[in-house]
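Dear colleague,

I am passing on the structure below, together with an account of what was found in it. Please read the notes with the coordinates open beside you.

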Amino acid sequence: MEDFLKKMEEKVQHFEKLVQKDKEELKKIDEELAALKEELSKLEEEILKVSKEIKEHEHRTHEILNKLKRIQQATLKAQTQREIETLERDRAMLMRELHQHDEAIKELKEKYEELTNKEMKLLDEEMKLEEKKAKLIHEKEMHLKRLEHLMAQLQKRIDQFRHNYTA
């Protein structure tokens, strides 16, 4: 009986250590997930900001194109050289501004692409951590069931011993 109790105690301690180890690993994964979700949140805010900036520049580009169209029509209807020169100056200024907006849009789209790629990598990493967490939870549950089973065996053996000893 003593040998049996000693072996059972070793098994119980072994599974208690495994459960404790599982808890520690789960805590570590939860901390990693929290940090990752925080980073994802900041990244999503940045993506929304860049997207908004792109839309603003695109909107301004459309306004400039409409103004350029009106200037072109006004140039055709202009009757004096002075009117033509003024319209050409306005046209040149709008073309420079249009070029600046086009460059800004190009840069913002590159930044947007980089941010979305980074977001995808982080989402993949998050998914892997979630899978690892699910696996650990399963292992912890299995260790707990095994521990319960060992405790039940021990209790059964103790009850048998009491019954045989008292009878």
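For the patch described next, a patch is made of residues with over 30% relative accessible area and no salt bridge, like charges being joined within 9 Å, and Asp and Glu count as negative. Please keep in mind throughout that this is a predicted model.

In this model, a patch of negative charge on the surface is formed by Asp-102, Glu-103, Glu-107, Glu-110, Glu-113 and Glu-114. One of these residues, Asp-102, belongs to helix α2, which covers residues 81-166, and with a relative accessible area of 38% Asp-102 is partly exposed.

The salt bridges come next. Side chains of opposite charge can pair when their charged atoms come close. The structure holds 8 salt bridges, and I describe some of them here.

Glu-126 and Lys-37 form a salt bridge in which the closest N and O atoms are 3.9 Å apart. Because Glu-126 sits in helix α2 whereas Lys-37 sits in helix α1, this pair ties together parts of the chain that are 89 residues apart in sequence. The two partners have their own accessibility values: Glu-126 counts as buried, since its relative accessibility is 16% and the cut-off for buried is under 20%, while Lys-37, with a relative accessible area of 42%, is partly exposed. If neighbours within four places in sequence are left aside, Glu-126 is in contact with Leu-33, Leu-36, Lys-37 and Leu-40, so the salt-bridge partner Lys-37 appears in that list beside three leucines. The pair also belongs to a wider arrangement, in that Lys-37, Glu-126 and Glu-130 are linked in a network of salt bridges.

A salt bridge also joins the side chains of Glu-46 and Lys-111, with an N to O distance of 3.0 Å. This pair, too, links distant parts of the chain, given that Glu-46 is in helix α1 and Lys-111 is in helix α2, 65 residues apart. Both residues count as partly exposed, Glu-46 at 23% relative accessibility and Lys-111 at 36%.

The salt bridge between the side chains of Glu-63 and Arg-60, at 3.1 Å from N to O, is set within one helix: both residues lie in helix α1, 3 residues apart, which is about one turn of the helix. Glu-63 is partly exposed, its relative accessible area being 32%.

Finally, there are two lysines in helix α1 to look at. Lys-28 lies in this helix, which covers residues 2-77, and at 52% relative accessibility Lys-28 counts as exposed, the cut-off for exposed being over 50%. The C-alpha atom of Lys-28 is separated by 9.7 Å from that of Lys-133, although the two residues are 105 residues apart along the chain. Lys-55 is likewise found in helix α1 and counts as exposed, at 56% relative accessibility. Between the C-alpha atoms of Lys-55 and Ile-105, which are 50 residues apart along the chain, the separation is 8.7 Å.

To draw the main points together, the negative patch includes Asp-102 and Glu-103, the Glu-126 and Lys-37 pair joins helix α2 with helix α1, and the Glu-46 and Lys-111 pair links these two helices as well.

With best regards

Notes: Residues numbered from 1 in each chain as written. Predicted model: local features only at pLDDT ≥ 70, side-chain atom pairs only at ≥ 80, totals over all residues. Heavy atoms only, no water. Helix = DSSP H or I, 4+ residues; strand = E, 2+ residues; numbered from the N terminus. Buried < 20%, exposed > 50% of the residue type's maximum accessible area, 1.4 Å probe, protein only. Patch = residues over 30% accessible without salt bridge, like charges linked within 9 Å, V, L, I, M, F, W, Y side chains within 5 Å. Areas by Shrake-Rupley, 256 points an atom, 1.4 Å probe, with all protein chains shown as cover. Salt bridge = Lys/Arg side-chain N within 4 Å of Asp/Glu carboxyl O. Charge placed at Lys NZ, Arg CZ, Asp CG, Glu CD. Contact = heavy atoms within 4.5 Å.
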